[in-house]
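User: Please take a close look at one part of this model for me. I would like to see how a single strand sits among its neighbours.

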Amino acid sequence: MERKVAIIGAGISGLLACKYTLSKGYTPVVFESRSSIGGVWTQTFETTKLQTPRSVYQFSDFPWPSSVPEFPNHSQVLDYIVSYATHFNLLPHIKFNSEVLGIEYGGPSDEEVQAWELWSGTGEPFNSKGKWSITVKDTNSLSTEVYQVGFVILCVGQYSDVPKIPEFPAGKGPEAFRGKVIHSMEYAAMDFERAAEFIKGKRTTVVGFQKSALDIAMECSAANGALNPCRLLYRTEHWNIPDYYPWGVPLAYLYFNRFAELLVHKPGEGFFLSLLATILSPLRWGFSKFVESYIKRKLSLEKFGMVPKHSFLNEISSCLISTLPEGFYDRVEEGSILLKKAPKFGFCKEGIVVDGASTPLETDLVILATGFKGDEKLKDIFVSPTFRDYIIGSPTASLPLYRECIHPRIPQLAVIGFSESVSNLYTSEMRCRWVAELLDGKFKLPSIKEMEKDAERWDKYMKQYSGEYYRRSCIGAVHIWYNDQLCKDMGWNPKRKKGFIPELFEPYGPMDYCPS
């Protein structure tokens, strides 16, 4: 029993969790509701590409083929993921078409669990008195089966399955509109030919201004041109980057090395580092303005009225940074994409009514690229109302996970892939290695109260630098500092470079944490 680990989800995080638990002698069983691996990469838009350079988005022990470009397309990314799973023989451990209906902890009573001072009662990842029951439905036969395991790793991600739909006043929702309203999730689920046919010849409005919205707008404008332009409704302008070389300087040298992290206040830092971050704050401001000036100039943002009010540091600290599709503002210039700021809007029979406008925006199709309810998806997997409340935490705080992986009051369970970074593969691999070492007994967790205090420190950091986006639990601007904590826990040397100057100024990436 104790050697059996359930992993829910066969996306990037689930595959990594499978690989690293296997390496420690455990028996993982991966439940995947779909018929294939890859998570979000199994359903994308035709034009979707990797958002970060491939060197940052790669497995530490499985480099990309040299023939793949710096920004691979969706099929190249999926091929890479499948090759990784095949190389490490992970597929035999995956149960496909297996939807997890719920997980329930059995053994100690709720009262006992709540009285614990140490995680899982003893501080150990396994408790002889406790086990998890996983209820799984076979989506082909519709039969259900219950599995019992000693430990659960949730790898369900944030960006699938549960769409976030804006709330509208009575009578002003999609039901008032005579056209079609879908979420971007439904558009991504279509094959490319069907998607192209679906938008062809339609006056389309896309709601949102993150990567999905931009990709869909580009596809709509390519299909219909200026004759039936795609209208893009957005609430907030963002610092979408044209490339990773502002004024010829690699962005990694400005934000992804140890020196850059000296400029920001970090959770749990001492007096000296706090003082240093305060003293260096003008340089932090200068870095941000340097990048902003490049984006404004390169994309002519002032011309289009698209200059964000927040800083680039806020953007990267919220993990909102995305690469602008090539030629996006050329499409705006030619009139095949129309930009419209709409902090609030509703529907009418003819289309969309933006608050404050006297006439509706006539449209045939509305695609809501408004994101997903990742926290609700995470919550609903638990049977216990108590654990549901625990995992979500307060709506006015980030998710209360120690090391962004362990809820102090939910025993024998880890969460991988919810908290974000600029490269989620890189982050998930470090977390999976940390969880594997925890399972292997290489280190113990502190008391529940100490873990909760640490989570509060990270919550304070996220609110300071991410602002309204603190629930995204982004570690983008302190990735090295975060990895240092994991390394110290595992007994690794956190300093991975050779020499003082490289350690301070060279960017960090997945290959710095290659297995020795």
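Analyst: In this predicted model, strand 2 and strand 3 (residues 94-95) run parallel, joined by 2 bridges. Val-30 has Ile-94 of strand 3 as its bridge partner. How does the chain get from one strand to the other? Helix 2 (residues 74-87) belongs to the link: strand 2, helix 2 and strand 3 form a β-α-β unit, and the unit is right-handed.

Now turn to the other neighbour. Strand 1 (residues 4-8) also pairs with strand 2 in the parallel sense, here over 5 bridges. Val-29 in strand 2 stands opposite Ala-6. The chain leaves strand 1, passes through helix 1 (residues 12-23) and arrives at strand 2. This β-α-β crossover is right-handed.

Is strand 2 mostly covered or mostly open? Strand 2 spans residues 27-31, and 4 of its 5 residues are buried, so it is mostly covered, with buried meaning under 20% relative accessible area. In a regular strand, side chains alternate between the two faces of the sheet.

Step back to the whole sheet. It is open, has 5 strands and follows the order 3-2-1-7-16, with parallel pairing. Strand 3 and strand 16 (413-415) are at the edges. Each has a single partner strand, so one side of each lacks a neighbour in the sheet.

Follow the order past strand 2. Strand 1 pairs with strand 7 (residues 151-154) in the parallel sense, over 4 bridges. There, Ile-8 stands opposite Leu-154 of strand 7.

Note on methods: Residues are numbered from 1 along each chain as its sequence is written. This is a predicted model: local features need pLDDT of at least 70, side-chain atom pairs count only at pLDDT 80 or more; totals for chains, interfaces and linings use all residues. Side-chain values use heavy atoms; hydrogens and water are left out. Buried means under 20% relative accessible area, exposed over 50%, partly exposed in between (1.4 Å probe, protein chains only). Two strands pair if DSSP finds at least two bridges between them. A crossover is right-handed if, with the strands pointing away from the viewer, the path from the first strand over the helix to the second runs clockwise.
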